[in-house]
Structure formats: structure tokens, C-alpha cells
Amino acid sequence: MAPYIKDIHRKGVRVISNAGGINPLACAAALQEVAEKADVDLKIAVITGDDLMSEKENLRGAGITDLESGKPFPENVHSMNVYLGARPVSRALDLGADIVITGRCVDSGIVLGPLIHSFGWNRDEFDLLAAGSLAGHLIECGAQCTGGIFTDWHMVPDWHNIGFPIVECSSEGDFIISKPPDTGGLISFGTVAEQLVYEVGNPQRYLLPDVTCDFSEVSITEIPGFEGGAVKVHGAKGSPPSTFYKVNATYLDGFRATAVCPVGGPKAVQKGKLTAESILKRTRLIFSQLGYEDYSAVNIQVLGSEDTYGPHARRSIDGGPREAVIWLAVHHKRKEALEIFSKEIAPAGTGMAPGLTGVIGGRPRISPVFKPFFFHYPKSNVQINLFLNGQYVETFEEDLTFTSDEAVSFDPPKINSELKDLPSGHHTYRLEDLAYTRSGDKGNSANIDESVWCSKLSMN
């Protein structure tokens, strides 16, 4: 904020960010120092209440299990935060805040909040709340909406100067997404459609604190005449949210270390695999002598051999490539065990296969492994407080009148079965030639929306 804070103040720009981390009040205090040094007067609001660490002991005996794995509540919890919604953000803006800082908050909420504040959307106007949430969802990852990691990446110009998205919303819930002029990137049906399916799971039931969203009949229409492209988006539907918040807890699950070593010369792949296996044998021998247990997990990949493709890797020709890279990652409950592993990488350069040219980054560093644990927590048990310039202002009261835990039945999306201009007969295609795809970075699932699939097929 520091380089821009005078312009932000002069132009009356209001800033909302879920940048508070585990200490949003300290974040606001640091920002207040920046404002004072720049001699600008800004009202900085802070939203607290997401941190549940004070409830750790009560929750440990409550029989809580992980939403995804069913595992019991972990012993060594290091953080525990509720995903708050948009209403506290809109309330902070109502109180006159120039800057709003939250701790854990759904990413779309920092867009829906100012829309509620500006348009006065009510708690039961679920289609509008879903539309505002969709606007936030589409721009929450910045350049992912403007051509970043796009399936048709070769069509996206000027990555070095890629522009971030701009969303212009109406009080009726329709909105236009564009990007600044003279910037790289691309906004098209495809770039926005890929982001629509990003991490939503079931597109008919995307669960958020303020609304349950149905994005299955959303329409994305390209608008001509915009430099770099623009689209109009509408058609989001909504229903009541649940009486629970989702909680993201983290717990310590041992330690990890990764060694990355280039290998050169003939039969580089074979040398790399044998080197990695020998390092593991050597360290396991030391573990047994010291009474340590085995590694919790091991990952060996020789980059250059197409190990990442598993059984679909192409066969090597003439002994394979003459250069490859060992990627050896290990996980162990004890840090001391990985300190042994870290020390045993460099000796491979003189005691194992020829051609080991170095250890990228030097001796492998040991890092703690924190894993997520998700569960639901009643909204009625969460106390949300609002602060302005460091002073407590009020406790936000969550209205649970418009919530419901009853399953909502959705009509199946209407799919146009008439596909025009499609080739007939038997054809073979790569998947990327048929479908836009986008996988999330929060898990191991990927979404391919059928309407996106059919649209690209008919377009090409």
C-alpha cells in the first residue's frame, strides 16, 4: 500500500482485503503507520472473530471429524479459522471505513461486501447475492481470469505485462469483466469460463457463508470493441446459506525435505533412479541403527523420463536422454531424521554415479508440514467484532433468519442438444482441443463443465 497510499486517499478509493492473516489488528496498526508517514488520514476498519484457537480444548472433545477424510480432531492444532462472509465487510463500509482488513474470509466476500453496501441488497435476495459472489469468484485469482494458466495459452499475448481483471456490476446482478488498456493477457469466453469452474465442486451447489450458489446456467457473452476483450456475465441463482461456517484448521504432521540434482551423460535416467534409491537405502540403514522409524512418505521422480505421466510415459529411445534431474522428496515425523537425509545428499556426488553435477539450492532445507483439517461450526457461536482505527466499535450480529440446512432440490441445467457445425464420422482429438479445463490448488479434484466442453467443440 505504501507507494500508492497518497493516490488512494486523493482519489477516494476504498480498499478491502483479507490480508490480516492470524493478526488483522497488527496488520491494521502497521498500515496506520504507513498512513501517518504519508500524512494521510484514513479510517481503517478491522474485522475479527474468525480465529477459533481459544475454543481448541472445547472442540477437541466434541467428536469433530474432518469433512473430507473423516479423521478425528488432531492433537497438535496450530491454527483454526472460520471462513467469514461479506456482511461484516459491508457493515464496516457503512461505518465509513476507507480500508477494511479481515482475517480469514471467503475470497468472493471482499467483492460481495462492497456490492451489498452500494446497492443495499437484502439477506433474502439470494439471486443477487449469488451474482455478486460470482463476480468475486471470477476475479479472486487475479490473472487467472485474464489468460493466466489458460488451456489455449498460446493465444494469450504479453504475459510479462498481464493485466488484472476489472468488474463493473449493476444493481440487477449483471456485470462486465474487462481489463486495463495497454496490458497483456486476454479476456474471452474461455478464460472466464475456466475460472467459473475453478474450485467450486458442484456448480449447482457452491456453498458460501451468505448464499448457496447455482452457477449451472450462467451465461458468458463476449462484448466486441474492448481492447483485450470483455465479457458480460449473468444468470447466477441463489438459495439460503446454511447455519454453519466452514472452518480451516491446520496441524503439524512431521517434516519434509527435497533434494533436486541434475544428472548428465549417457543413461542419465537410470543413473538418477539408482542414485535416489541408494541415498534412501543409505539413510534407512542409519535410521535403523539409531532406532528411528522409516520415512512416512517418499517421492522419487526423474524429470526427463516422463515419470510425471506414470504408465502413460513414452518409451525411451537409445537409452533415454543424456540429461535428467533427480527430484527426491521425503517426509518423516522426526526432524532429526531429515537432518541425516540432508547431509547424505552431497556425498552422492563423489560416491555414486558419475554425472551428478550439483545440488540445486544447496543442502536440502527441512520444513514443517502443516496439513488442513476442515469442519463446520455454528454461526451462532462466532462473535464478530468491528474495530475502527484501533478502537472497538461494535459486535456484528449475524441474522440467521435467512439460513437453512435443508437440502435444496435443483432442476437439472438446460443443455442444448443441437450442436451445429460439428464434424461427423470418427475423429481423434486431444482433450485440450475439446474442452476448457481448470483444476484447483486446494485438492485433487478437477472440474470440466459440460457447457464449456460443448461450447469449445462447436467453436472449433
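How many bridges pair β12 with strand β15, and in which sense? Let us work through this and a few related exercises together.

Before starting, note that this is a predicted model, in which local features need pLDDT of at least 70 and side-chain atom pairs count only at pLDDT 80 or more, while totals for chains, interfaces and linings use all residues. Residues are numbered from 1 along each chain as its sequence is written, and side-chain values use heavy atoms, with hydrogens and water left out.

**Exercise 1. Trace the partners of strand β12.**

Step 1: Settle the terms. Helices (H or I, at least four residues) and strands (E, at least two) are DSSP runs, numbered from the N terminus. Two strands pair if DSSP finds at least two bridges between them.

Step 2: Answer the opening question. β12 and β15 (residues 366-378) pair in the antiparallel sense over twelve bridges. Within this pairing, Y251 has K371 in β15 as its bridge partner.

Step 3: Look for other partners. Strand β14 (residues 323-332) pairs with β12 over ten bridges, in the antiparallel sense, and there G264 stands opposite E323.

Step 4: Add β3 (residues 77-82), which runs antiparallel to β12 (residues 244-264) and is joined to it by five bridges. Here M80 stands opposite A249 of β12.

**Exercise 2. Find the edges of the sheet β7-β8-β11.**

Step 1: Read the order. This is an open sheet of three strands with antiparallel pairing, in the order β7-β8-β11.

Step 2: Identify the edges. β7 (206-207) and β11 (237-239) are the edge strands, since each pairs on one side only.

Step 3: Inspect one pairing. Two bridges hold β7 and β8 (residues 212-214) in the antiparallel sense, and Y206 stands opposite C213 in β8.

**Exercise 3. Explain the number of disulfides, using C141.**

Step 1: Apply the criterion, a pair of cysteine sulfur atoms within 2.5 Å. The count comes to zero disulfides.

Step 2: Check C141. The closest cysteine sulfur to that of C141 belongs to C145 and is 9.5 Å away, so the two are too far apart for a bond.

Step 3: Compare exposure, where buried means under 20% relative accessible area, exposed over 50%, and partly exposed in between (1.4 Å probe, protein chains only). C141 is partly exposed, at 27%, whereas C261 counts as buried, at 3%.

**Exercise 4. Describe burial in helix α7.**

Step 1: Start from the whole chain. Of its 460 residues, 42% are buried.

Step 2: Turn to α7 (residues 189-196). The helix is mostly covered, with eight of its eight residues buried; among them are F189, V192, E194 and L196.

**Exercise 5. Characterise the largest cavity.**

Step 1: Define it. On a 1 Å grid over the protein atoms alone, a cavity is a set of points where a 1.4 Å probe fits but cannot get out, and lining residues have an atom within 4 Å of a point. Points are joined across faces, edges and corners, and the volume is the space filled by probe spheres set on them.

Step 2: Count and size. There is one cavity of 30 Å³ or more, and the largest cavity has a volume of about 110 Å³.

Step 3: List the lining. It has 13 residues, of which R123, D210, P241, E398 and D399 lie nearest the centre.

Terms used
On a 1 Å grid over the protein atoms alone, a cavity is a set of points where a 1.4 Å probe fits but cannot get out, and a pocket is an open set with protein on both sides within 12 Å along at least five of seven lines; lining residues have an atom within 4 Å of a point.
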